[in-house]
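Here is a short run of questions and answers on one protein model. Keep the structure open as you read.

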Amino acid sequence: MPPLRTQIVGSYVKPAWLVRHGHEHHHNGSWWRPEADVLQQAQDDVVLLAIHEQERAGLDVVTDGEIRRQHYDRHFVSGIGGISLEKVQDKEFQSELKSKTARTDLGDLWQNFRMSPTITGPLEWVSSPAIDELRFVKKHARRPVKAPIVGPMTLYDRLADDYYQRPEDAIMALAGVLNRELKELQAEGTDLLMVADPALHFKLSRSREIGKPVIERLLEGITTPVVLHVCYGYAKYSSSKTINPSYPEVLRLLSETSVQAMSIEYEQPGHTPDLLKQAGDKHVHLGLIGMGSHEIETPEHIAGRLREALKIVPPERLHPSTDCGMWFLPRDVARAKIEALVKGTNIVRRELGLDIPDHAIR
């Protein structure tokens with residue numbers, strides 16, 4: 001990837017006329033506003049809108065906005081054999097992350113979030129909705145595309161397990177399933193693959209034990225560049241975020257694997273360039289757009305943060321991005337934020353004597 005390629009992490013805005021915000025985890029299908037007979041058409045239209053707005057803003061790499069996904073993690077469950085969607089259990093999610101304060105006004109949402117499909121047999125890849133999503137975005141995008149999936153550590157935490165004797169066995173099995181997922185997407189053709197696995201951060205003690213072998217299993221036979229995204233969780237669900245002292249260890253762990261790039265949440269927690277010393281020789285997708293506020297970052301602010309980061313990571317390995325997905329932001333706010341990301345990056349491109357892509361906002 002050329003130097004300083006701009007992009008979002010994965011998701012773009014889901015308009016209120018498409019979904020009922022505030023009911024993200026309902027299992028009865030009520031989250032979608034359009035009737036079933038026109039839902040796919042509505043989703044197609046919003047994907048086209050997401051592609052258009054990313055390209056109009058001048059981003060170098062685009063996604064389909066994850067528009068068709070009610071859950072970025074459970075979206076893949078229906079295509080995995082060995083998981084029962086009918087047998088749903090109440091499972092409390094335990095996080096070791098102490099630097100994020102969960103909102104207390106989302107009681108119903110948290111309760112729905114706890115209701116987990118159950119592993120009832122050996123896990124195997126059967127099918128994937130991501131293949132059709134990739135085909136659609138490739139058909140309509142004019143820029144390189146990125147195909148996002150969930151990671152095995154995070155997906156395991158969204159499931160109840162009645163089959164495997166040990167969690168590490170189930171997680172390794174999921175790594176094998178998602179490896180097949182990546183291979184299918186690779187065969188379809190994409191410029192970049194992304195794996196979102198925040199549980200590497202949420203449960204660091206487990207990551208210390210099995211994180212590296214799980215990542216290596218996940219990446220077996222994959223030649224398309226892969227970026228692994230580790231965040232603090234969606235800002236919508238947090239009342240505050242502060243720097244987690246264990247975050248540098250997560251980056252060190254990733255630097256010692258075969259993944260080509262890491263995508264890190266940098267802006268909202270307030271990380272400083274010292275953090276980037278842990279990235280080794282990996283590409284860094286640097287979150288310079290915070291999701292916790294509707295305030296629009298200025299191009300000058302982004303350029304300043306980028307200049308400081310470039311003291312640690314050279315431009316050929318640094319790529320400005322958002323902290324995390326943008327699906328819960330108002331559309332005008334999200335559009336203004338990504339336009340600022342491009343404009344701020346272009347300031348630094350000029351200073352470095354780098355070419356500014358013709359499509360980028362000048």
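Helices here are DSSP runs of H or I with at least four residues, numbered from the N terminus. The model is a predicted one.

Q: Which residue follows helix 1, and what is the sign of its phi?
A: Helix 1 covers residues 36-57. The residue that follows has a positive phi, near 100 degrees. That residue is Gly-58, and the sign is positive.

Q: What distance does helix 1 reach from its first C-alpha to its last?
A: Helix 1 has 22 residues. At 1.5 Å a residue, 32 Å is expected. The model comes close to that, with a reach of 32 Å.

Q: Which helices do the buried residues of helix 1 pack against?
A: Buried means under 20% relative accessible area. In helix 1 the buried residues include Leu-39, Val-46, Val-47, Ala-50 and Ile-51. Charged residues are on the list too, among them Asp-44, Glu-53 and Glu-55. Their packing partners are helix 3 (129-140) and helix 10 (331-352).

Q: Why does the salt bridge of Glu-55 with Arg-142 tie together parts that are apart in sequence, and how many residues apart are they?
A: The closest N and O atoms of Glu-55 and Arg-142 are 3.2 Å apart. Glu-55 lies in helix 1, while Arg-142 sits in the loop between helix 3 and strand 4 (146-150), so the pair joins parts separated in sequence by 87 residues.

Q: Is Arg-142 buried or exposed?
A: Its partner Glu-55 is buried, at 4% relative accessible area. The cut-off for exposed is over 50%. Arg-142 has 65% relative accessibility, so Arg-142 counts as exposed.

Q: Which residues are linked with Asp-60 in a network of salt bridges?
A: Asp-60 forms a salt bridge with Arg-5, with the closest N and O atoms 3.8 Å apart. Asp-60 is in the loop between helix 1 and strand 1 (80-90), and Arg-5 is in the segment before helix 1, 55 residues apart. Both Asp-60 and Arg-5 are buried. The residues linked with Asp-60 in the network are Arg-5 and Arg-349.

Q: Is Lys-311 buried or exposed?
A: Lys-311 forms a salt bridge with Glu-308, the closest N and O atoms being 3.1 Å apart. Glu-308 is partly exposed, with a relative accessible area of 37%. Lys-311 has a relative accessible area of 61%, which makes Lys-311 exposed.

Q: Which helix gives the largest share of the largest nonpolar core?
A: The largest nonpolar core has 101 residues. Those with the most contacts inside it are Ile-264, Val-284, Leu-286 and Leu-318. The largest share is eight residues, and the helix that supplies them is helix 5 (residues 167-188).

Q: Which residues does Leu-286 touch, leaving out those up to four places away in sequence?
A: Contact needs heavy atoms within 4.5 Å. With residues up to four places away left out, Leu-286 touches Ile-264, Tyr-266, Leu-276, Ala-309, Leu-318, His-319, Pro-320 and Ser-321.

Q: Which helix supplies the largest share of the lining of the largest cavity?
A: There are two cavities of 30 Å³ or more. About 60 Å³ of space lies in the largest cavity. Its lining includes Ala-130, Glu-133, Leu-134, Val-137 and Lys-146. The largest share is four residues, from helix 3.

Notes
Residues are numbered from 1 along each chain as its sequence is written. This is a predicted model: local features need pLDDT of at least 70, side-chain atom pairs count only at pLDDT 80 or more; totals for chains, interfaces and linings use all residues. Side-chain values use heavy atoms; hydrogens and water are left out. Helices (H or I, at least four residues) and strands (E, at least two) are DSSP runs, numbered from the N terminus. The expected span of a helix is 1.5 Å times one less than its number of residues. Buried means under 20% relative accessible area, exposed over 50%, partly exposed in between (1.4 Å probe, protein chains only). A nonpolar core is a set of buried Ala, Val, Leu, Ile, Met, Phe, Trp, Tyr and Cys residues joined through side-chain atoms within 4.5 Å. A salt bridge is a side-chain nitrogen of Lys or Arg within 4 Å of a carboxyl oxygen of Asp or Glu. On a 1 Å grid over the protein atoms alone, a cavity is a set of points where a 1.4 Å probe fits but cannot get out, and a pocket is an open set with protein on both sides within 12 Å along at least five of seven lines; lining residues have an atom within 4 Å of a point. Grid points are joined across faces, edges and corners, and a volume is the space filled by probe spheres set on the points.
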